Amino acid sequence: MLDVKYVTSNLEEVERKLKRRGATLDLEPLRALAERRAALVTAIQEKRTAINAANADMGKLAKAGDKAGLEARRAELREISGAIKPAEDELASIEAELEKQLLFIPNIPDDSVPDGASSDDNPIVRTWGEKPVFDFTPKSHWEIGEALGAMDFDRAAKISGARFSVLSGPLARLERALIDFMLDIHTRDHGYTEVSPPYLVTRETMTGTGQLPKFEEDAFKTVNPELFLIPTAEVPVTNLYRDEILEGARLPIALTAYTPCFRSEAGSYGKDTRGLIRQHQFHKVELVRFVHPEQSAEEHEKLTSHAGEILKRLGLHYRVAALCTGDMGFASAKTYDLEVWLPGQNAYREISSCSNFGDFQSRRANIRFRETPKDKPRLVHTLNGSGLAVGRTLVAILENCQEADGSVRIPGALQPYMNGLSRITVPAG
RNA sequence: GGAGAGGUGGCCGAGCGGUUGAAGGCGCCUGACUCGAAAUCAGGUUUACCGGCAACGGUAACGUGGGUUCGAAUCCCACCCUCUCCGCCA
């Protein structure tokens, strides 16, 4: 959520910056609402001051036992008091409207974000490693997985419908190994504290990080009670400190969490229908940082490097794209995508998205900090990134480490997590 | 699911219609005392918004939302949450 004060006093600037995202917004109604609200607040405050003073007198009369005096003023006060009600009602409805409008406005892109309309316009800022060379035509991960007898889409469809999968045997084990591996690196080498949060959250929580109210159709939810299945651990983990004032000395706070993620993928019909790339349920290790506002840019770089480190240790070639204004998510001020090379698809695919949200989420979720105990509370900056999407990492290993005979090499860094296993082989027969 | 208790400031805990933003205690900050510290004493210690350069003044907030009233932390209604006991259960 943007700051009303900032928006209303910098209308043109905000409109211009939002336009870079392709969002053409007329913020004039917002300004009018804010103005009306200010007038109402002042008027109500003045009335209240008068009422309060009168009531203090009434208190004295009551104490003195002056029944007649009390009666005499009661009628008069009833009128003054009653007159305030319509103004308060109007104020309440204006504030509700203001809030509603603000919740639908996306974040302002950071000045360093390149202009562009779609993912085709994202500049590549760096690459790591090289594409592996094959002396055969590399297969897709679903071909490899099914040949290994360890990836089953038909039975997944039987029990849950489209966009689900069942891993078994060595691939189920590989998935679990990846989760452990990632969490170990982030906690041991990158200084994150591991968190195991709820996977079902309230509407308020989903609003705090920006998934709601605008993107309700993307989420799965339960009925009675209404709870949302988290689309990413970002949601519960960022909301951990909602409505809190943190001690400045505690920043930056770095948390990592493994969770399943649930997405309806509404609007992506026909996209990535085969394989593990786009599922209703997938697993992810997430990185979340709460940082000092003046440090969020460098913190963003750091976070991105933490995600990249996983790919490096697995020996997977990837590149980093700076998302252009037209490709960024609703709440983000700046985003880097890590794109891993998938030989089976002959393409780079997003495996991590690392974003700096500035104070957009912290304003919604009211997450603040105090530099020193004497300072005024300020909004923290929040950041998060996948570190990494587990399913897609498994895909990357299958496709990059495949051999002509259908077996798959296990990257050395992962072998300790696989009980020393160095290769997954096609079962005989 | 059944029965009960309760939600007040950073924490504990009073208040149960009238200068109560809220006693008291703890914690924390500042000052005095001290070589220093402890102890002791004095003062201070919520957040948001409005006005003001500031000092400061004003308004709101005692789980949330309504209601009663001239006036509500205190009364009424609904909802949410927490705790205890019973049942069930990974």
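Two strands count as paired if DSSP finds at least two bridges between them. I wrote that down before anything else, then turned to strand E12 (residues 334–342) and strand E13 (residues 347–356), which pair in the antiparallel sense over nine bridges. I should also note that this is a predicted model.

**Entry: the E12 and E13 pair**

I looked for a residue pair across the two strands and found Lys334 standing opposite Asn356 in E13. Then I checked the loop between E12 and E13, where Asn346 lies. Asn346 isn't a glycine, yet its phi is positive, about 55°.

**Entry: the sheet around them**

Which strands make up the open sheet of eight, and in what order? I read the order as E1-E11-E12-E13-E16-E10-E9-E4, and the pairing is mixed. At the edges I found strand E1 (124–128) and strand E4 (193–195). Each has a single partner strand, so one side of each is left without a neighbour in the sheet. From one strand to the next, the twist averages 25°.

While going along E16, I picked up an odd peptide bond: the one from Gly387 to Leu388 is cis, with omega near 10°. Leu388 is part of strand E16.

**Entry: a helix across the sheet**

Next I followed H12. It lies across strand E10 (281–291), E12, E13 and strand E16 (381–389). Relative to E16, H12 runs at about 40°.

H12 has a helix partner too. To describe two packed helices, I need the angle between their axes and the distance between the axes. For helix H7 (residues 169–188) and helix H12 (residues 390–400), the angle is about 115° and the axes are 10 Å apart. Their crossing is right-handed. Which residues make the contact? From H7 I listed Leu171, Leu174, Glu175, Leu178, Ile179 and Met182. From H12 I listed Val390, Thr393, Leu394, Ile397 and Leu398. Sorted by type, the residues of this contact come out as nine nonpolar, one polar and one charged.

**Entry: the RNA strand**

Then I moved over to RNA strand B. There are 19 residues around the strand, and Arg48, Arg74, Arg78, Ser81 and Arg370 come nearest. Sorting the residues of this surface gave me four nonpolar, six polar and nine charged.

Where does the surface come from? Helix H3 (28–64), helix H4 (67–103) and strand E14 (367–370) each supply at least two residues. H3 gives the largest share, eight residues.

I also asked which part of the RNA faces the protein. Among the atoms of strand B within 4 Å of the protein, 67% belong to sugar or phosphate and the rest to bases. I then noted three single contacts:

- Arg74 has a polar side-chain atom 3.1 Å from a base nitrogen of RNA strand B.
- For Asn55, a polar side-chain atom sits 3.2 Å from a sugar or linking oxygen of the RNA strand.
- Lys376 has a polar side-chain atom 3.3 Å from a phosphate oxygen of RNA strand B.

**Entry: the sheet with E14**

Since E14 turned up at the RNA surface, I looked up its sheet. It's an open sheet of three strands, ordered E8-E14-E15, with mixed pairing. The edge strands are strand E8 (244–247) and strand E15 (378–379), and each pairs on one side only. E8 and E14 run in the parallel sense, over four bridges. I traced one of the bridges: Glu247 has Arg370 in E14 as its partner. That's an arginine I'd already noted, as Arg370 is among the residues nearest to RNA strand B.

Leading into E8, I checked the loop between helix H9 (234–238) and E8, where I found Asp243. Asp243 has a positive phi of about 60° although it isn't a glycine.

**Entry: odds and ends**

I looked at both ends of helix H6 (residues 153–160). At the start, a side-chain oxygen of Asp152 reaches to within 3.1 Å of the backbone nitrogen of Asp154. After H6 comes Gly161, with a positive phi near 95°.

Last, I found another cis peptide bond, from Leu212 to Pro213, with omega near 5°. I placed Pro213 in the loop between helix H8 (203–209) and strand E6 (221–222).

Terms used
Residues numbered from 1 in each chain as written. Chains lettered and ligands numbered in written order. Predicted model: local features only at pLDDT ≥ 70, side-chain atom pairs only at ≥ 80, totals over all residues. Heavy atoms only, no water. Near = heavy atom within 4 Å. Polar contact = N/O pair within 3.5 Å; in protein donor to acceptor, adjacent residues only side chain to side chain. Nonpolar A, V, L, I, M, F, W, Y, C, P; charged D, E, K, R; others polar. Axes fitted to C-alpha atoms, helices over the stretch in contact; angles between N-to-C directions. Left-handed = near helix turned anticlockwise from the far one by under 90°. Contact = heavy atoms within 4.5 Å.
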